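Here is my note on the model you passed along, set out as numbered points. Please read it with the structure open beside you.

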Amino acid sequence: MPYYTYTVRCADGTLYTGWTTDVAKRVAAHNRGRGAKYTRSRRPVTLIWHHGFATKHDAMHWEWQIKQWPRTKKEAFYHDAEAILALYQSEEIK
């Protein structure tokens, strides 16, 4: 089963990052007000990035890692995410 880390942009312009096994269902849940408490008052949300991982641990690690970054780093990452992820995965996620 694949696991995904994803980021949505909320209606107020803020970003929310999480992990899931089904991105479409999770984004729909956020938009119904059944996702994270953070997104309930910031609907609608729009998916801006997601990436699949082989293990739950890897997806949760990336969620944690992204949440540590300042907004400027997040925005730069989403701009060129696939190239950056390929770099990290070639060195093994730590």
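The points below go from the basis of the model to its fold, its sheet, one strand residue and its salt bridges.

1. This is a predicted model, in which local features need pLDDT of at least 70 and side-chain atom pairs count only at pLDDT 80 or more, while totals for chains, interfaces and linings use all residues. Residues are numbered from 1 along each chain as its sequence is written, and side-chain values use heavy atoms, with hydrogens and water left out.

2. The protein contains five helices and three strands, where helices (H or I, at least four residues) and strands (E, at least two) are DSSP runs numbered from the N terminus. Along the sequence these elements follow the pattern β-β-α-α-β-α-α-α.

3. Of the 94 residues in the protein, 35% are buried; buried means under 20% relative accessible area, exposed means over 50%, and partly exposed lies in between, with a 1.4 Å probe and protein chains only. The accessible surface comes to about 5,800 Å², and carbon and sulfur atoms account for 53% of that area, as given by the Shrake-Rupley method with a 1.4 Å probe. Taking contacts (heavy atoms within 4.5 Å) between residues at least 6 apart in sequence, 58% join residues at least 24 apart.

4. The three strands form an open, antiparallel sheet in the order S2-S1-S3, two strands being paired if DSSP finds at least two bridges between them. Strand S2 (15-20) and strand S3 (46-53) each have a single partner strand and stand at the edges, so one side of each has no neighbour in the sheet. Neighbouring strands are turned by 15° against each other on average, direction ignored; the axes are lines fitted to C-alpha atoms, for helices over the stretch in contact, and angles run from 0 to 180 degrees between N-to-C directions.

5. Strand S1 (residues 3-9) pairs with S3 in the antiparallel sense over seven bridges, and tyrosine 6 stands opposite histidine 50 in S3. Helix H1 (residues 23-31) packs on the sheet and touches S1, S2 and S3, its direction making about 35° with that of S1. Helix H3 (residues 56-68) also packs on the sheet, touching S1, S2 and S3, and its direction makes about 170° with that of S2.

6. Which residues does isoleucine 48 contact, leaving aside its neighbours within four places in sequence? They are Thr7, Val8, Arg9, Leu15 and Tyr78. Isoleucine 48 is found in strand S3 and is partly exposed at 31% relative accessibility; its C-alpha lies 6.5 Å from that of arginine 9, although the two are 39 residues apart in sequence.

7. There are four salt bridges, each defined as a side-chain nitrogen of Lys or Arg within 4 Å of a carboxyl oxygen of Asp or Glu. One of them joins aspartate 12 and arginine 42 (3.1 Å, N to O). Aspartate 12 lies in the loop between S1 and S2 and arginine 42 in the loop between helix H2 (37-40) and S3, so this pair ties together parts that are 30 residues apart in sequence.

8. Within helix H3, lysine 67 and glutamate 63 are four residues apart, about one helical turn, and form a salt bridge with the closest N and O atoms 3.0 Å apart. Glutamate 63 is buried at 14% relative accessibility, whereas lysine 67 is partly exposed at 40%.

9. Arginine 71 and glutamate 75 meet in a salt bridge (3.2 Å, N to O), and Arg9, Arg71 and Glu75 are linked in a network of salt bridges.
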